[in-house]
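I opened this model to look up its helix packing, its open and closed spaces, and a few backbone oddities. My entries follow in the order I made them.

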Amino acid sequence: MPAETRTDVRPATSPAPGAEAGGLRESKKRETRQLISDHATRLFVERGFERTTIAEIAAAARVAKKTVTNYFPRKEDMALDHQEEFVASLAHTVAARKTGESALAALRRAFQASVAAQDPVAGFAGPEFSRMVAESPTLSACLRGLHDRREEALAGALAEATGADAGAIAPRTAAALLGGVHRVLFTRIQELTLAGRENPEIAAILAEETTHAFDLVEPALADYALG
């Protein structure tokens with residue numbers, strides 16, 4: 001409400017001391033987590049993921065080794081630290097689709113926007129990071145697992161959107177097709193990045209290839225899961 005139209009002129013209530021302290025603790029935790037992740041990623045890029053130890057990461061971040069493992073139970077979590085956002089992305093797009101919009105149309109629109117924005121979650125991670133993942137068997141396997149989990153989450157969202165049972169064949173098949181398109185396009189961005197192409201050039205190439213990829217599955221899914 002604009003200030004000139006407010007009728008309630010009571011002073012704002014100050015946050016309780018405990019709440020303020022809790023907020024500071026959470027802020028400090030986020031800062032520490034980001035600090036560890038940043039140092040870990042730098043070391044992974046410089047030395048390789050498999051050759052970098054938890055002790056070296058702890059020393060670089062100036063924290064105890066146990067602090068590192070408390071924040072990141074698995075070493076790969078420090079390199080791929082937006083996992084939940086990645087896994088939930090397609091399911092969230094389907095759940096938030098517009099009225100009358102199919103799941104395919106919503107996912108196509110969202111991916112095109114990600115390409116235009118050169119979003120790291122879509123694959124625009126830069127040459128150093130992309131090379132780090134490609135050269136690490138552990139991180140490559142972890143990334144494949146994230147794609148699998150994202151497809152499973154998408155199948156659940158499609159089942160809910162169509163009123164199907166969670167294990168029904170239709171949402172699982174649709175998720176495999178739509179998840180496959182995203183997996184191929186993500187891999188394509190990585191390939192172009194490792195080939196030395198700059199992000200604006202990759203985005204221009206993907207703008208055309210995204211259209212073609214989604215067009216291939218549109219005859220089967222054009223009217224599936226309409227909002």
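**Helix α8 and its neighbours**

I began with the packing of α8: its buried residues pack against α4, α5, α6, α7 and α9. I kept in mind throughout that this is a predicted model.

Next I listed the buried positions. In α8 they are L139, S140, C142, L143, L146, H147, R150, L154, A155, A157, L158 and A159. I recalled the general rule: an α-helix has 3.6 residues a turn, so residues three or four places apart point the same way.

I then checked the length. α8 has 26 residues and spans 38 Å from first C-alpha to last. That is close to the 38 Å expected at 1.5 Å a residue.

After α8 comes G163, and I noted its positive phi, near 75 degrees.

**The closed space**

How many cavities of 30 Å³ or more does the structure hold? I found one. The largest cavity encloses about 30 Å³.

I wrote down its lining: H147, R150, E151, G179, H182 and R183. α8 and α9 each give at least two residues to that lining. By class, I have three polar, three charged and no nonpolar residues there. Two of the lining residues, H147 and R150, had already appeared in my list of buried α8 positions.

**The open spaces**

I took the largest pocket next. Its volume is about 410 Å³. It is lined by 20 residues, and A79, L80, H82, P120 and F129 are the closest to its centre.

Which helix supplies the largest share of this lining? It is α1, with four residues. I logged the helices that supply at least two residues each: α1 (17–47), α5 (83–95), α7 (127–134), α8 (137–162) and α9 (169–194). The class split is eleven nonpolar, seven polar and two charged.

The second largest pocket holds about 280 Å³. I have 18 residues in its lining, with S89, L90, T93, A110 and S114 nearest the centre. α5, α6 (103–117) and α9 are the elements that contribute two or more. I sorted this lining into nine nonpolar, five polar and four charged residues.

**D77**

I looked up D77, which sits in helix α4 (residues 76–79). Is D77 buried or exposed? Its relative accessibility is 14%, so I count D77 as buried, the cut-off being under 20%.

What do its side-chain polar contacts reach? I found R74 at 2.9 Å. I also found Q83, again listed at 2.9 Å. Leaving out residues up to four places away in sequence, D77 touches F72 and Q83.

**Positive phi outside glycine**

I ended with two backbone entries. R62 is not a glycine, yet its phi is positive at about 60 degrees. I placed R62 in the loop between α2 (54–61) and α3 (65–71). With 80% relative accessibility, R62 counts as exposed.

Q118 is my other entry: its phi is near 55 degrees, a positive value in a residue other than glycine. I placed Q118 in the loop between α6 and α7. Q118 has 26% relative accessibility, so I count it as partly exposed.

Conventions:
Residues numbered from 1 in each chain as written. Predicted model: local features only at pLDDT ≥ 70, side-chain atom pairs only at ≥ 80, totals over all residues. Heavy atoms only, no water. 1 Å grid on protein atoms, 1.4 Å probe; cavity = no way out; pocket = protein on both sides within 12 Å on 5 of 7 lines; lining within 4 Å. Points joined across faces, edges and corners; volume = space filled by probe spheres on them. Nonpolar A, V, L, I, M, F, W, Y, C, P; charged D, E, K, R; others polar. Buried < 20%, exposed > 50% of the residue type's maximum accessible area, 1.4 Å probe, protein only. Polar contact = N/O pair within 3.5 Å; in protein donor to acceptor, adjacent residues only side chain to side chain. Contact = heavy atoms within 4.5 Å. Expected span 1.5 Å × (residues − 1).
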